[in-house]
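The following exercises ask for a careful reading of one protein model, and each is followed by a worked solution.

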Amino acid sequence: TPLKIAVIEAQTDAERSLAATGDRALALSRNTVQALRGLGVFDAVEHQAAPIRRIHISDRGHFGQARLDAADRGVEALGHVVVARGLEQSIAEAMGAEGAITPFQPARILSLKAGPESILVSLRSGDQDRVISARLVVAADGGNSTVRALLNIPQTVRDYQQTAVVTEVSTSKDHQGTAFERFTRSGPLALLPLGPKRCSVVWTLTAEDAAEVLREGESEFVDQLQDAFGQWLGTLTLARKPQGFPLK
């Protein structure tokens with residue numbers, strides 16, 4: 001397009017590469033992967049991405065199951081799982097090669113002033129202040145958006161009183177490209193394929209239960225996780241320290 005685009009980013013590349021959120025495993029649908037291929041940013045991470053060839057859904061304590069298979073739908077994979085940090089790096093490199101994009105990094109927005117034809121963005125980049133104007137500003141800065149707050153756009157927040165406990169495990173059985181979702185009394189538990197006998201875990205718990213399991217030692221944590229998930233992948237071994245992300 002003929003558009004000139006400015007990207008205002010608070011973190012440096014080094015800060016982003018060290019951020020804990022970079023450890024998150026992203027489950028990308030097939031359509032998302034195709035879109036990222038079209039943008040030229042998926043090829044660089046494809047060797048790290050684990051294809052989802054099957055999806056296995058179960059309800060703890062109940063007989064019923066649901067299973068989806070990519071082969072039944074005539075596709076190679078239903079999606080892919082990729083670690084966020086790798087995809088972020090690929091996107092950053094693609095942006096750096098795009099002449100129409102001017103990055104301001106690290107930078108933070110000081111104020112916004114909307115007019116009939118454009119919006120003025122006052123920002124601080126390093127130790128310099130500057131003002132840029134644009135016909136459109138996109139607020140892509142998360143749930144606690146500075147852009148939203150500065151423009152007094154109202155927000156409705158629903159606190160689920162739940163925390164997603166995120167970690168990685170090694171498994172004694174090969175997942176064979178299967179993504180598992182298991183419903184439990186405390187909330188859904190997902191194991192996503194990351195590599196041979198390696199899975200990302202997203203375990204949704206009440207805030208109180210999450211705080212308790214995050215305080216426990218490694219063996220106690222794994223015992224509880226194994227009990228909730230079952231023996232679908234054999235013995236689970238913790239491969240990364242668990243982290244909690246409140247859901248709201």
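**Exercise 1.** Into how many nonpolar, polar and charged residues does the lining of the largest cavity divide?

*Solution.* The model is a predicted one, in which local features need pLDDT of at least 70 and side-chain atom pairs count only at pLDDT 80 or more, whereas totals for chains, interfaces and linings use all residues. Residues are numbered from 1 along each chain as its sequence is written, and side-chain values use heavy atoms, with hydrogens and water left out.

Step one is to fix the terms. On a 1 Å grid over the protein atoms alone, a cavity is a set of points where a 1.4 Å probe fits but cannot get out, a pocket is an open set with protein on both sides within 12 Å along at least five of seven lines, and lining residues have an atom within 4 Å of a point. Grid points are joined across faces, edges and corners, and a volume is the space filled by probe spheres set on the points.

Step two is to find the space: the count comes to one cavity of 30 Å³ or more, and the largest cavity holds about 60 Å³.

Step three is to list the lining, which consists of Ala20, Asp23, Arg24, Val166, Thr167, Glu168, Ser200, Arg240, Gln243 and Phe245.

Step four is to sort these residues, with Ala, Val, Leu, Ile, Met, Phe, Trp, Tyr, Cys and Pro counted as nonpolar, Asp, Glu, Lys and Arg as charged, and the others, Gly among them, as polar. The result is three nonpolar, three polar and four charged residues. Strand 11 (162-171) and strand 16 (243-247) each supply at least two residues of this lining, and strand 11 gives the most, with three.

**Exercise 2.** Describe the largest pocket, and then place Ile8 in its surroundings.

*Solution.* The largest pocket encloses about 1900 Å³ of space. Its lining comprises 50 residues, of which Val7, Ile8, Glu9, Val138 and Ala140 lie nearest the centre, and the lining divides into 29 nonpolar, 12 polar and nine charged residues. Among the elements that each supply at least two lining residues are strand 1 (5-8), helix 1 (13-18) and strand 8 (107-114), while the largest share, eight residues, comes from helix 3. Helices (H or I, at least four residues) and strands (E, at least two) are here DSSP runs, numbered from the N terminus.

Ile8 itself belongs to strand 1. With buried meaning under 20% relative accessible area, exposed over 50% and partly exposed in between (1.4 Å probe, protein chains only), Ile8 counts as partly exposed because its relative accessibility is 28%. Taking contact as heavy atoms within 4.5 Å, and not counting residues up to four places away in sequence, Ile8 touches Phe104, Ala107, Ile109, Val121, Leu123 and Ile132. The C-alpha atoms of Ile8 and Ser125 are separated by 9.0 Å, although these residues are 117 residues apart along the chain.

**Exercise 3.** Which residues of helix 3 are buried, and why do they line one face of the helix?

*Solution.* Helix 3 (residues 84-96) has 13 residues and reaches 18 Å from its first C-alpha to its last, close to the 18 Å expected at 1.5 Å a residue, where the expected span is 1.5 Å times one less than the number of residues. Its buried residues are Ala84, Gly86, Leu87 and Ser90. Seen down the axis of helix 3, these buried residues fall within an arc of 170 degrees, so they line one face of the helix; the arc is that of the directions from the helix axis to the C-beta atoms. The cover over them includes strand 2 (25-29), helix 2 (30-38) and strand 6 (79-83).

**Exercise 4.** Characterise the backbone at Pro106, Gln176 and Lys197.

*Solution.* The peptide bond from Gln105 to Pro106 is cis, with omega near -5 degrees, and Pro106 is placed in the loop between strand 7 and strand 8. Gln176, a residue other than glycine, has a positive phi near 55 degrees; this residue sits in the loop between strand 11 and strand 12 (178-184) and is exposed, with a relative accessible area of 54%. Lys197 also is not a glycine and has a positive phi of about 55 degrees. Lys197 is found in the loop between strand 13 (187-195) and strand 14 (198-206), and with a relative accessible area of 40% it is partly exposed.
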